[in-house]
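Me: Hey, can you walk me through this one? I'd like to ask quick questions as I look.

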Amino acid sequence: MNKTEVKNKMELKVHSLGRVEGDLDVKVVIEDGVVVDAWTEATMFRGFELILKGKDPQAGLIVTPRICGICGGSHLTKSVYALDTAWGTEVPPNATLIRNIAQAVETLQSVPRWFYALFAIGLTHQNYASSPLYEEVVRRWAPFTGEHYEIGVMLSAKPVEIYAIFGGQWPHSSFMVPGGVVSAPTLSDVTRSIAILEYFRENWLEKYMLGCSVERWLENKTWADIMAWLEEKREHRDSDLGLFIRYSMEIGLDKYGAGPGRYLAAGSFFHPQKYRFPTIEGRNAALISRSGVYDGKDYHDFDQARIREDHTYSFYRGGGAFHPFEGVTEPLDPMEAKKEGKYTFAKAPRYDIPGIGETPLEVGPLARQVIAGRTGAEDWQDYDPLFLNVINEIGPSTMVRVLARLHEEVKYYLRVKEWLRQIDLNEKFYVKPNELPEGRGFGATEAARGALADWISIKDGKIENYQVITPTAWNIGPRDRHGQRGPIETAMIGTPVKNPEDPVELAHIAQGYDSCLVCTVHAYDAKTHKELAKYEVTNMMAGI
Amino acid sequence: MTVIIGCGNLLRSDDGVGPMLIRRLWELGVPPGVRLADGGTAGMDVAFQIGDAKELILVDACQSGAAPGTVFELPGEEVETPPLENVNLHNFRWDHAIAMGRWLLKSRFPKKVTVFLIEAENLSPGFGLSSAVEEAKERLAQELLRRVGGKEIEA
């Protein structure tokens, strides 16, 4: 990166620390206290696609859940659907229900752990000591000593106990297989799961997070409803959600980190009867949490064929943008590639929106909730106008992104409860598939932090090509051949940094996206190159 | 109850020795009262997996510069846990898991803790152990079975 020798201009480097997973540097240029440009640089080559080439088609079920220490269940979910579509399997309704449950409880786990053990820690930063709410925030959310920190971290382990009941273990289970799941639950497994879920609701979700019943929270359909909810009762204001909203508006989290304002959801959770014979083409019509693209004005149907990975600025041979089935992963030596202007190992996922062209899109909870606001849903699908209204009323921001994540916790709780009740213990959980020697498959889901998808090509009974696009790639990807920045690069721009020696605002943005990387911000004075600050952006994610 | 937790990433060659050792112990069979857990790269969940165990045995790969396959045994009382405030939940290691476990479980934290570290030769992306580490895995599996009172089986 060129050091810019302009007065009042400095460069911050968000440097990485990861051990077994991808690392990230974010370079930021600050002028007169405001971020004016940003570059995200993934410094490690992620070679899962190369590991999978030539292996047994089912290797993806073993390898991809190990890509990540926290989204293993999401990796398993999309990799099994990639094989289901490639082999043309039959998936019995019970198996779909259990896959839905497993995917959802992993996210139920992720939300409190991410909030307390990652995001809220930043809110206790001394920058905010003058806020009237600061003392209360520290009392609740300070790491290890905060009263609610401990409760939230402890309770976050509960939902994945349900995963372990059906999947044997969490994380890193491979219990979903083409044609169903390898589990034979009993009635007591189901009742135990319901008991765990209710414990989670009573002892954290309603008691600490919401300060009201899940039903009362879900009555909120607009930003005005949320404001009225805050005023309605002391318990609402004093809940962790209520405190988060009030504090965010006080310290300005609602004023920056907007991001691109364009969103993509791959969708998740299938109707048990409508995806018995999974195909790529039939996927959208079977999704409970719908897929879609929102261009800032209009909605578009999601079509995996419109996804491209652009590697013009990535450390791979050549340039251009390719569909994952045509994806190439030929890594270059970064030192050499930098001479061509390339700056990261991440590719830049783009979606070719009809009439607009290749577009960088944000993925994650806010994206999903904006897509949920599209009208025309079936009665069994999720229709929820809240976040479309929120971004129209107050615009997207770091606060809104966090709020969307917390909101989903409530919805997922209700879904899991419903799916547990629908399991028919007398029916099948698995139908043995024909292992076809040739085929192409696409599987996708929504990990807690966004759209996650696999493309597999099978030839002669072996994997010919395997491509994974992670939510982190969508969000932290670099510029593309059209010069458009990636979503987090865009989100950084315009952020006011109060203290360049300790730019906690940038940490809030990165943590709000929950991209799965560890970053350290190094702040260098543009003139003297003297290191001004070192700031760690920790994240518990491991590698998606 | 004794819990044996193997940590590491199966996709980084010798780093996978922890989870592979757990699988080996499962194949060999452990006596009642011993629980096996594949910690993988789970970070904080390694601490949750301690559960109600009275004794904790952790296995991980390490890179200290010793000969590949060297097995180190660190008795619990020698294990210095890092200050929790500096724990980075992304770069979570066995020592962090112990620190986190002590904080989470308080007085229920196991009285006895032993950490076994196997010196890795190759940590590049890929499957499978180098021969020195494979052999160390077998050796340690037998040793652990002997200690927890299981039957020894010819490798």
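Me: What pattern does chain B follow along the sequence?
Reply: Chain B reads β-α-β-α-β-β-α-β-α. That comes to 4 helices and 5 strands. Keep in mind that this is a predicted model.

Me: And how many helices and strands are in chain A?
Reply: Chain A has 19 helices and 19 strands.

Me: How much of each chain is buried?
Reply: In chain B, 59% of the 155 residues count as buried. In chain A, buried residues make up 66% of 544.

Me: What about accessible surface? How much does each chain have?
Reply: Chain A comes to about 18,400 Å². Carbon and sulfur atoms account for 49% of that. Chain B comes to about 6,700 Å², with 51% belonging to carbon and sulfur atoms.

Me: Which share of the contacts in each chain joins residues at least 24 apart?
Reply: Take contacts between residues at least 6 apart in sequence. In chain B, 73% of these join residues at least 24 apart. In chain A, the figure is 69%.

Me: Switching to the inside. Which residues touch the most other members of the largest nonpolar core?
Reply: F115(A), L123(A) and F244(A) do, in a core of 164 residues. Helix α4 of chain A, residues 93-123, gives the largest share of this core, 17 residues.

Me: What does F244(A) touch?
Reply: Leaving out residues up to four places away in sequence, F244(A) touches F115(A), F119(A), L123(A), W141(A), L253(A), M399(A), V402(A) and L403(A).

Me: Which residues belong to the other core, the one that lies apart?
Reply: That core has 21 residues, among them V34(B), V59(B), A141(B) and V148(B).

Me: Okay, pockets. What volume does the largest one have?
Reply: About 1,300 Å³. Its lining has 38 residues. Nearest the centre lie G168(A), Q169(A), W170(A), D38(B) and Q49(B).

Me: Which elements give two or more residues to that lining?
Reply: From chain A, α7 (159-167) does. From chain B, α1 (17-28), β2 (34-40), α2 (44-48) and α3 (94-105) do.

Me: What's the lining like by class?
Reply: It has 20 nonpolar, 8 polar and 10 charged residues.

Me: Now helix α19 of chain A. How many of its residues are buried?
Reply: 10 of its 10 residues, so to speak from V504(A) to Y513(A). H508(A) and G512(A) are among them. Just after α19(A), D514(A) takes a positive phi of about 55°.

Me: And α15 in chain A? Which residues are buried there?
Reply: L386(A), F387(A), L388(A), N389(A), V390(A) and I391(A) are buried. The helix covers residues 386-394.

Me: What do those buried residues pack against?
Reply: Several elements of chain A. The helices are α10 (223-232), α14 (365-371) and α16 (398-422). The strands are β6 (263-265), β9 (292-294) and β10 (299-300).

Me: What follows α15(A)?
Reply: G395(A) does, with a positive phi near 80°.

Me: Last one. Where is G341(A)?
Reply: G341(A) is in the loop between α13 (334-339) and β13 (348-353) of chain A.

Me: Why does G341(A) count as partly exposed?
Reply: Because its relative accessible area is 35%, and partly exposed runs between the 20% cut-off for buried and the 50% cut-off for exposed.

Me: How far is G341(A) from G461(A)?
Reply: They are 120 residues apart in sequence. In space, the distance is 39 Å, C-alpha to C-alpha.

Note on methods
Residues are numbered from 1 along each chain as its sequence is written. Chains are lettered from A and ligands numbered from 1 in the order in which they are written. This is a predicted model: local features need pLDDT of at least 70, side-chain atom pairs count only at pLDDT 80 or more; totals for chains, interfaces and linings use all residues. Side-chain values use heavy atoms; hydrogens and water are left out. Buried means under 20% relative accessible area, exposed over 50%, partly exposed in between (1.4 Å probe, protein chains only). On a 1 Å grid over the protein atoms alone, a cavity is a set of points where a 1.4 Å probe fits but cannot get out, and a pocket is an open set with protein on both sides within 12 Å along at least five of seven lines; lining residues have an atom within 4 Å of a point. Grid points are joined across faces, edges and corners, and a volume is the space filled by probe spheres set on the points. Ala, Val, Leu, Ile, Met, Phe, Trp, Tyr, Cys and Pro count as nonpolar, Asp, Glu, Lys and Arg as charged, and the others, Gly among them, as polar. A nonpolar core is a set of buried Ala, Val, Leu, Ile, Met, Phe, Trp, Tyr and Cys residues joined through side-chain atoms within 4.5 Å. Contact means heavy atoms within 4.5 Å. Accessible areas come from the Shrake-Rupley method with a 1.4 Å probe; for residues, only the protein chains shown count as cover.
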